[in-house]
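Hi there,

Here is the structure I promised to pass on. Could you have a look at it alongside my notes below?

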Amino acid sequence: MTRGDLADEDRDHMRAALALAARRLGETWPNPAVGCVIVGAEGRVVGRGATAPGGRPHAETAALTMAGGAAHGATVYVTLEPCCHTGQTPPCTEALIAAGVARVVVALRDPDPRVNGAGIAALRAAGITVAEGILADEAAALAAGFVSVVTRGRPLVTLKLATTLDGRIATRAGESQWITGEPARRAAHALRGRHDAVLVGVGTLLADDPRLTCRLPGYRARPLVRIVADSHLRTRMTASVMASLDLGPVWFLIHDRTDAARKRAFADLGARLFPLPGAEAGIDLAAGLRALGQAGITRLLVEGGAQLAAALLRDNLVDRLAWFHAPSVMGGDGWPAAQGFGIAQLAAMPRFSRRAVTLLGDDVLSEFERTE
């Protein structure tokens, strides 16, 4: 086999590993979604695995279990550097060494300071050939939430908007359901399914009373975490999110001076509260995101409303945009996607680069990434 053939084969198998990882996005927090493919000495795939819901077992362990004895002398393709520290499971490097694999192909180094090259070094020290950087950009996009928590202390934040062509989310009377059509709404639920948690402001909760679940049967095995930014717990005790705690966790970002009796009432019902500093009228969203990162959330989808969107954009806390546009125009008296947040000069605007465009019936989903 020529070097070019080997490179093509490595990319093909790594694409398969990336596809396995992508299927677990949103379900593996606090761990990253990782995919692993094992190719036996005869060139046949003998094992496949992805990080299990909840983060364990790891992808390498699942693939090695499938491969059994056929892992001896095999090549292992893994989207993130194998771990080399003992946590709730033994190191994956030890499992690979014990299985007698001959070669490991890694897409992306793990930025966790407990790993960050040490896993690769351990494999090489055991006589295993290691290749790095195969489809690294694709792997980085998948692991962006995990990397964000490790390097910035907060989850990757995607702001989802569903608007008319002129950027309106509701009529002047507050009517918003539905601006987009059924295909776009299904895509929005799939977007929820690929995130660890969904966040809305209390205004949206009071106006729309959403359940904030992923309503695509069988799409994900682990419940979506539902989070409300509600500084003084104005949420009604009978709100749909509180009445559906059996469908998944409900968390609140609240002011640290919120009424103690109100806090006890919500906690007694099973909600988790995150007291945060802030002005009397609001909370410190940057501190809230750090608290969510410490709680294990790596990928956060924000669904509104306009005040929350503006606050996050103003503080440069939005990493990606998922913007659904309906082919309609509402006019200036409709509610904007983001309230004013003090932009006086064009240079001060948050800027994004378009990454993808998807047609959804008559609607369009445009996906953007923050330009640093």
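Asp12 and Arg15 lie 3 residues apart in helix H1 (residues 3-22), so about one helical turn separates them; helices here are DSSP runs (H or I) of at least four residues and strands are E runs of at least two, numbered from the N terminus. The two form a salt bridge with their closest N and O atoms 3.2 Å apart, a salt bridge being a side-chain nitrogen of Lys or Arg within 4 Å of a carboxyl oxygen of Asp or Glu. Asp12 is partly exposed at 48% relative accessibility, and Arg15 is partly exposed at 44% (buried is under 20% relative accessible area, exposed over 50%, partly exposed in between, with a 1.4 Å probe and protein chains only).

Before going on, a word on the source: this is a predicted model, where local features need pLDDT of at least 70 and side-chain atom pairs count only at pLDDT 80 or more, while totals for chains, interfaces and linings use all residues. Residues are numbered from 1 along each chain as its sequence is written, and side-chain values use heavy atoms, leaving out hydrogens and water.

The whole structure holds 13 salt bridges. One of them joins Arg114 to Asp112 at 2.7 Å, N to O, and Asp112 is buried, at 11% relative accessibility. Another pairs Asp333 with Arg172 at 3.7 Å. That pair links distant parts of the chain, 161 residues apart: Asp333 sits in the loop between strands E13 (320-325) and E14 (335-336), and Arg172 in the loop between strand E7 (168-170) and helix H7 (182-193). Asp333 is partly exposed at 44%, whereas Arg172 is exposed at 66%. Arg109, Arg124 and Glu132 are joined into one network by salt bridges that share partners.

Now to the sheet. It is open, with 9 strands in the order E11-E10-E9-E8-E12-E6-E13-E16-E15 and mixed pairing (two strands pair if DSSP finds at least two bridges between them). Strands E11 (272-276) and E15 (352-360) are at the edges with a single partner strand each, so each has one side without a neighbour in the sheet. From one strand to the next, the twist averages 20°. Strand E6 (residues 156-163) runs parallel to E13, joined by 6 bridges; Leu159 has Leu321 in E13 as its bridge partner.

Helix H12 (residues 306-314) packs on this sheet, touching E6, E8 (197-201), E12 (299-302) and E15, and its direction makes about 110° with that of E8. Contact means heavy atoms within 4.5 Å; axes are lines fitted to C-alpha atoms, for helices over the stretch in contact, with angles from 0 to 180 degrees between N-to-C directions.

Best wishes
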